[in-house]
Every structure is written in C-alpha cells, then in structure tokens.
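Please look at the chain below and follow it from its aromatic rings to its core and its sheet. The explanation takes these topics one after another.

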Amino acid sequence: MNKVIRSHLFTAEHAWGALDITNMNGISVRLHWTDKPYKWHINDGEEVFAVMDGTVEMRYKEEGQEKAVLLHTGDIFYASIGTEHVAHPQGEARILVIEKEDSI
C-alpha cells in the first residue's frame, strides 16, 4: 500500500507521539511530533534523525564531552551505536526517526 504523508500537518496528542509509517525487517520508520525535549538516552542500535519541520537542538556526548548542533528543516543527525543524545525542539517540530524496532 502506498502512502503520502504531509509531515508538516502531523500532530500528536502528546510530545513525542508518533505515526508509525513502516517496519522494514526490524527497522522502524516513525514520524514524531513534539514541542518538548526528549530524555538523554543511548539507543541499542544506530539512529537516523531527520528534521522534517521546525528546528531541533541535538545535544550529544562525544568522548565524554557534551556537544550541541542546531538542526533545521531538512537536516539529518546520525547517531552511531553508543551515542548518548537528547533532542530539544525549539517550539514545535516534526522528526522522522529510523531506528531498530523498540529502541528508546
């Protein structure tokens, strides 16, 4: 079944609510809406984080040092295995997240 998703129109009932788009052999593709930060976490696999709408400050740790990068619409953040990170939206944001199924 084919789908067209207008990501800029998607909203959720709560921060980090998601629209499940598909699961490809254990890899989930989800569109998230949020207006609040997530929590510091480490995924049990790789993660691709694509900002579809809005601006997100991605904070991450590299060699024990906290760093941050501002991601705008169209920007992508790749978190390798073991990367501790947290997303802080600047207002409302919509984010496409591709990761191992059941990651935090």
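In this predicted model, the structure holds 2 aromatic pairs. In one of them, Trp-16 and Tyr-38 meet edge-to-face, with 5.2 Å from centre to centre and 65 degrees between the planes. This pair links distant parts of the chain, since Trp-16 belongs to the segment before β1 (17-24), while Tyr-38 sits in the loop between β2 and β3, 22 residues apart. Trp-16 is buried because its relative accessible area is 15%, under the 20% limit for that class, whereas Tyr-38, with a relative accessible area of 31%, is partly exposed.

Tyr-60 and Phe-77 form an aromatic pair that is tilted, with the centres at 5.5 Å and 50 degrees between the planes. Here too distant parts of the chain are linked, with Tyr-60 in strand β5 and Phe-77 in strand β7, 17 residues apart. Tyr-60 is buried, with a relative accessible area of 17%, and Phe-77 is likewise buried, with a value of 11%. A ring also takes part in another kind of arrangement, in which Lys-61 lies over the face of Trp-40, at 4.9 Å from the ring centre.

Phe-77 leads on to the largest nonpolar core, which has 13 residues and in which Phe-77 is among those with the most contacts, together with Phe-49, Val-56, Met-58, Leu-71, Ala-87 and Ile-95. The elements that give two or more residues to this core are β4 (47-53), β5 (55-62), β7 (76-79) and β9 (93-100). Leaving aside neighbours within four places in sequence, Val-56 is in contact with a set of residues including Phe-49, Leu-71, Ala-87 and Ile-95, as well as Val-51, Val-69 and Leu-70.

How are the strands of the open sheet ordered? The order of the 4 strands is β3-β8-β5-β6, and their pairing is antiparallel. β3 (41-42) and β6 (65-72) stand at the edges, each with a single partner strand, and therefore one side of each is left without a neighbour in the sheet. For β3, the antiparallel pairing with strand β8 (residues 84-89) runs over 2 bridges, and His-41 has His-85 in β8 as its bridge partner.

Finally, Ser-28 lies in strand β2 (residues 27-34). Ser-28 is buried because its relative accessible area is 9%, which is under 20%. Apart from its neighbours within four places in sequence, Ser-28 is in contact with Thr-22, Asn-23, Val-97, Ile-98, Glu-99, Lys-100 and Glu-101.

How values were computed:
Residues are numbered from 1 along each chain as its sequence is written. This is a predicted model: local features need pLDDT of at least 70, side-chain atom pairs count only at pLDDT 80 or more; totals for chains, interfaces and linings use all residues. Side-chain values use heavy atoms; hydrogens and water are left out. Two strands pair if DSSP finds at least two bridges between them. Buried means under 20% relative accessible area, exposed over 50%, partly exposed in between (1.4 Å probe, protein chains only). Contact means heavy atoms within 4.5 Å. A nonpolar core is a set of buried Ala, Val, Leu, Ile, Met, Phe, Trp, Tyr and Cys residues joined through side-chain atoms within 4.5 Å. Rings of Phe, Tyr and Trp (its six-membered ring) pair if their centres lie within 6.5 Å; planes under 30 degrees apart count as stacked, over 60 as edge-to-face and the rest as tilted. A charge sits over a ring if NZ of Lys or CZ of Arg is within 6 Å of the ring centre and within 35 degrees of the ring normal.
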